[in-house]
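Here is a friendly walk through one protein chain. Have the viewer ready, and follow along from the overall make-up to a single side chain.

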Amino acid sequence: MKKDGKIILWLASGFIALKWWQNNQQSLSGFPPMETENIGKIYDSYTVRSGSRVDRYWMDMKIYVRYLGRKEDLRKHFLDPQTAVEHFNLHGIEFGNWMNQEERANFLFATMVSFADMAKAMNIAQNKIGLKQKLQMSFGARGSGGHAAAFYARKPYALINLTKPHGRGTLAHEYGHALDEHLHLKAYNRGGMASGEGKSRQTDPDSFPKDSMEYLFERVFHILYRKENGEPTSFYEVQEERPGYFQRRREVWARTFDMYMEIRFEDLGIRNSWAINGDPMRPPKRLVRKAIPFIQRLIKRAFA
């Protein structure tokens, strides 16, 4: 009986070891097992980077206008993950294993066209969008089906994940988070959010040197929260009634950047429903327009 127990234990240990090896082989190679229904899929564990092998046949998938909200030229850096990584100087691109090929192609296309639009709106070269290869894009590849339409993760690199069901319209907001941390890294050589981690709506721009990053952020918040006579703005009062999450300075900044993108798209005649979606929690357009000179100085500082 003892001998039978040892054999069973030995077989179980061997099975666990085999599964561990298979899983790690997949995560290292990034390619699926050779099963007909999986050929061409890129798994969560696989990241497309410059010089990577990629599945090229799904570049010919149908591109739908409904994703982006307009027709656009089918350029290679909008369609091919490896070319996109190199063109926008990204850290990499991930695709979730529950997205079909058409969804992958359309998420990639809409996002890369949006990056080109955002570069034009910020008046920067397209190869600067990737924040010197610090920005990783992920399409339905992270998380486990929660309620968030998208999210930004701060370690070990700047990661923007757009979920399969709700990712449309969230890119500008999440990119605002990426810029926020990028500015902090440039200033302090460590992770953090330059806009501030707390919820404070008390601003005093003049307590900082006028050429500092802190001054520029405080000027933006001051415009959002205080009228010229010093009284609270209507946005300040609305914020008081909102849950604490929406009062966080980094969230207010991301929504401000989202509104800034909407304003810039309007000014440039760009139609894009993938990058922005009219988030009702954003600051009013009239206030963000007043803050544009300081937002643009922060953008210039981020990409200098």
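Of the 304 residues in this protein, 51% are buried. The model is a predicted one, and its secondary structure consists of 11 helices and five strands. Among contacts with a separation of 6 or more, 67% join residues that lie 24 or more positions apart.

Before going into detail, a look at confidence is worthwhile. The mean pLDDT of the protein is 81, with 74% of the residues at 70 or more. Two stretches where the pLDDT is below 50 are set out here, with their contacts beyond near neighbours in sequence.

| Stretch | pLDDT | Contacts in the model |
|---|---|---|
| Residues 14-46 | below 50 | 50 contacts |
| Residues 144-150 | below 50 | 11 contacts |

Now to the interior. The largest nonpolar core holds 74 residues, and F115, M122 and Y175 have the most contacts inside it. Helix α5, which spans residues 101-122, gives the most to this core, contributing 13 residues. Which residues does F115 touch, once those up to four places away in sequence are set aside? Its partners are F88, L90, I129, L135, M137, L171 and Y175. One of these, Y175, is also among the residues with the most contacts inside the core.

Next comes a helix pair. Helix α6 (residues 171-188) packs against helix α7 (residues 213-225) at an angle of about 150°, and their axes are 11 Å apart. Angles over 145 degrees count as roughly antiparallel, so α6 is roughly antiparallel to α7. On the α6 side, the contact is made by D180, L183, H184, A187 and Y188; on the α7 side, M213, E214 and F217 take part. Sorted by character, the residues of this contact are five nonpolar, one polar and two charged.

Between these two helices runs a loop, and K210 has its place there. Is K210 buried or exposed? With a relative accessibility of 53%, K210 counts as exposed, because the cut-off for that class is over 50%. K210 still has partners in the model: leaving aside neighbours within four places in sequence, K210 is in contact with Y215 and R297.

To recap for your own tour: start at F115 in the largest nonpolar core, move on to the packing of α6 with α7, and finish at K210 in the loop between them. Along the way, keep in mind that the pLDDT is below 50 over residues 14-46 and over residues 144-150.

Key. Residues numbered from 1 in each chain as written. Predicted model: local features only at pLDDT ≥ 70, side-chain atom pairs only at ≥ 80, totals over all residues. Heavy atoms only, no water. Core = buried A, V, L, I, M, F, W, Y, C linked by side-chain atoms within 4.5 Å. Buried < 20%, exposed > 50% of the residue type's maximum accessible area, 1.4 Å probe, protein only. Helix = DSSP H or I, 4+ residues; strand = E, 2+ residues; numbered from the N terminus. Contact = heavy atoms within 4.5 Å. Axes fitted to C-alpha atoms, helices over the stretch in contact; angles between N-to-C directions. Parallel < 35°, antiparallel > 145°, perpendicular 65-115°, else oblique. Nonpolar A, V, L, I, M, F, W, Y, C, P; charged D, E, K, R; others polar. pLDDT = per-residue confidence, 0-100.
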